[in-house]
Amino acid sequence: MEKKDLIKWDKEYFWHPFTQMKVYREEDNVIVERGEGNYIYDIFGNKYLDGVASLWCNVHGHNHPKLNKAICDQVSKISHFTTLGASNVPAILLAKKLVEITPKNLNKVFYSEDGSEAMEIAIKIAYHYWHNKGYKEKTKFITLSEAYHGDTIGSVSVGGINIFHEKYKPLLFDVYKLPSPYLKALEIAGREKALEYETTKKLVEEVEEFVFKHHQTIAGFVLEAGVQGAAGILPFPKGYLKEVERICREYNVLMIVDEVATGFGRTGEMFACIKEGVNPDIMALGKGITGGYLPLAATLTTDEVFEAFLGEFGEAKHFYHGHTYTGNPIACNVALANIDLFEEEKTLENVRKNIDILEKRLLEFLELNHVIDVRNYGLMAGVELIKDKKTKQPYPYGERTGFKVAKAMLKRGIWVRPLGDVMVIMPPLSIKEEELNYFLDSLKESIMEVCGD
Ligand SMILES: *Cc1c(COP(=O)(O)O)cnc(C)c1O
C-alpha cells in the first residue's frame, strides 16, 4: 500500500464529518498514523502537537501504556456481550466509580456510545419520568440559543446553533428557547462586565419569569455546564448555572446538564457541576470519559428519577432504550483506567497550573488588531477573529479565515480546528507548560501572519 493510494482513497471513499468534501478533496490533509503523548504523527512521519485533544476528548495523551493495557486486558477476556438483561465486570465497576466521583445526588448510570446519545437519553428519560409520575402535560424542554448537544435529531432539537441546526428544523420537535447567557450578557453589560454576578442576576430575572409562566408544561431545562463550547467557547456569567438550579427546584423542573465537553477535568475540577456546586437531576457525560480512546458515554440520574421507572413488568413503566453496544466492556475498562490516572498523574494539578498560564496569556491576544474577544472556561479557550475591530465587521464566512490560521498553525507543528473564526485552544489535559506556551506563541504568530498586524 502506497502513501499516494491512501491519499487518493481517502478522497474517493471517505465522507468526513462536518466537512465540505469539495474543499477537503482539493487540499492536503493530515492522515494520522500514530500518536505519542501530546503529539500525533502523520503517514510521512511529520509530528504535530494535538491542539484539539482529538476533538476535545483526549485527556492523558495518546498511546498511553496504562490505557493501552486496560484495552488489551479486556480484549483477552471478552470484547463485547450485550447488557440487555445481562451484565459485565467493567461496566459494573465503572458505574460505581462514576457515582462516586460525580455530584453526590447522582446515583444511577445509563450507558451509551457518544455524547449525542447521552443527551438523547437524558431527554427521553426526563419526558418519560413525568409521564410515569402522571404529569402528562410536562412534555417540553427549555433550551438555550447557541446550545450544542450533539447531532442526532433529538439532540439537535435541543440545540441552538443556526448554521448547524436550521436546515433540519422541519424534522425537530418544538422547544422553548431562552437567550444564550454570554451573548445576552454582552448585550446588557458589555464585555468588561459580562461575566459578573450582577449581570447574572439580570439575566436570571427573565429566566425565572419564563419558568414561572410555563412550568406546568416544562419537563426539563437543558443546558451545557458552565460554557457553550461549540458556539465558540461562550462561558456563562458567574453563578448562572447555580441560579438555574435554584429555579428548577422551585418550579419542579428537571435540571439536565450536558457535561460532555466539560467533564473529566477540563475545568480544573473533575466536573463543572462540582466546580459550580450544582446537583443536576440528569447529567450527560462523553468525550473525556475514556481518555479519548473509545466511544463511550453515560447519562447519570438521581434515585428519584430512576425510581419513577420501577414497577411490575406488566405496568410497562421501564425505559425503552438500549443500543447494541451499550456498556461495552473494553470501553468501560479503559474508562476506569482513565479515571485512575487522574490521581496517579496529578492531572487536575497540571490543569490548574495551565489554566493560570492560559488566563494570563490570553490577554496578550486582545492587543492584536484582528482579535475582538478572548474567553475561557478552564482549559478551553476561544480567540475570536474579526475583520474590523472598530466597526465590528466580521470576515465573510466563505473566506475561512479561521481555517487559514489553522493552516498557519500546522506549519508550526500544531493541529487545531477552529469554530468558524474562533480559534479554539483545547489541548489534552496532559499538556506541559512549555508546550502550552509554544501553542500560544504560535497562535499569535499565525493570526498576525494571516490577518496582518
Ligand atoms: C461534543 C459534544 C456533544 C456531542 O457528543 P458526540 O460524542 O460528538 O456525539 C454534546 N454536547 C457537548 C457539550 C459537546 O461538546
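**Exercise 1. Classify glutamate 27 as buried, partly exposed or exposed, then find its salt-bridge partner.**

Step 1. Take the accessibility. Glutamate 27 has a relative accessible area of 23%, so it is partly exposed. (Buried means under 20% relative accessible area, exposed over 50%, and partly exposed lies in between, with a 1.4 Å probe and protein chains only.)

Step 2. Know the model. It is predicted: local features need pLDDT of at least 70 and side-chain atom pairs pLDDT 80 or more, while totals for chains, interfaces and linings use all residues. Residues are numbered from 1 along each chain as its sequence is written, and side-chain values use heavy atoms, without hydrogens and water.

Step 3. Find the partner. The side chain of glutamate 27 meets that of arginine 400 in a salt bridge, at 3.3 Å from N to O. (A salt bridge is a side-chain nitrogen of Lys or Arg within 4 Å of a carboxyl oxygen of Asp or Glu.)

Step 4. Place both ends. Glutamate 27 sits in the loop between helix H2 (21-26) and S1, and arginine 400 in the loop between S14 and helix H16 (401-411). The two are 373 residues apart, so the pair links distant parts of the chain. (Helices are DSSP runs of H or I with at least four residues, strands are runs of E with at least two, and both are numbered from the N terminus.)

Step 5. Check arginine 400. Its relative accessible area is 29%, which makes it partly exposed.

**Exercise 2. Locate the salt bridge of glutamate 445 and describe both residues.**

Step 1. Glutamate 445 pairs with arginine 412, and their closest N and O atoms are 2.9 Å apart.

Step 2. Glutamate 445 is in helix H17 (residues 433-451), arginine 412 in the loop between H16 and S15, so the bridge ties together parts 33 residues apart in sequence.

Step 3. Glutamate 445 is partly exposed at 42% relative accessibility. Arginine 412 is buried at 18%.

Step 4. Set this pair in the total. The count comes to 29 salt bridges.

**Exercise 3. Work out the sheet that holds S13, and say which strands stand at its edges.**

Step 1. Write the order. Three strands make an open sheet, S13-S14-S16, with antiparallel pairing. (Two strands pair if DSSP finds at least two bridges between them.)

Step 2. Find the edges. Strand S13 (371-376) and strand S16 (422-425) each have a single partner strand, so one side of each has no neighbour in the sheet.

Step 3. Add the angle. Neighbouring strands here are turned by 15 degrees against each other on average, direction ignored. (Axes are lines fitted to C-alpha atoms, for helices over the stretch in contact, and angles run from 0 to 180 degrees between N-to-C directions.)

Step 4. Count the bridges. S13 and S14 are joined by five. S14 (residues 381-385) and S16 pair over four.

Step 5. Name some partners. Asparagine 376 has alanine 381 in S14 as its bridge partner. Glycine 382 stands opposite valine 424 in S16.

Step 6. Look at the turn. S13 and S14 form a hairpin with four residues between them, and glycine 378 in that turn has a positive phi of about 65 degrees.

Step 7. Judge the burial of S13. Six of its six residues are buried, so the strand is largely enclosed by the rest of the structure.

**Exercise 4. Find the salt bridge between arginine 375 and aspartate 373, and the network around it.**

Step 1. Their side chains meet at 2.8 Å, N to O.

Step 2. Arginine 375 is buried at 5% relative accessibility. Aspartate 373 is buried too, at 5%.

Step 3. Widen the view. Arg191, Asp373, Arg375 and Glu384 are linked in a network of salt bridges.

**Exercise 5. Describe the surroundings of lysine 138, a buried residue without a salt bridge.**

Step 1. Place it. Lysine 138 lies in the loop between helix H6 (115-133) and strand S5 (140-144).

Step 2. Look for an opposite charge. The nearest such side chain, glutamate 137, is 7.2 Å away. (Lys and Arg count as positive, Asp and Glu as negative; His and the chain ends are not counted.)

Step 3. Look for oxygen. The side chain of lysine 138 reaches the backbone oxygen of asparagine 252 at 2.8 Å.

Step 4. List neighbours. Leaving out residues up to four places away in sequence, lysine 138 touches residues including Trp130, His215, Tyr251 and Val253. (Contact means heavy atoms within 4.5 Å.)

**Exercise 6. Compare the settings of alanine 53 and lysine 287, two non-glycine residues with positive phi.**

Step 1. Alanine 53 has a phi of about 50 degrees. It belongs to helix H3 (residues 53-56), and it is buried at 0% relative accessibility.

Step 2. Lysine 287 has a phi of about 30 degrees. It sits in the loop between strand S11 (282-285) and strand S12 (297-302), and it is partly exposed at 26%.

Terms used
Polar contact = N/O pair within 3.5 Å; in protein donor to acceptor, adjacent residues only side chain to side chain.
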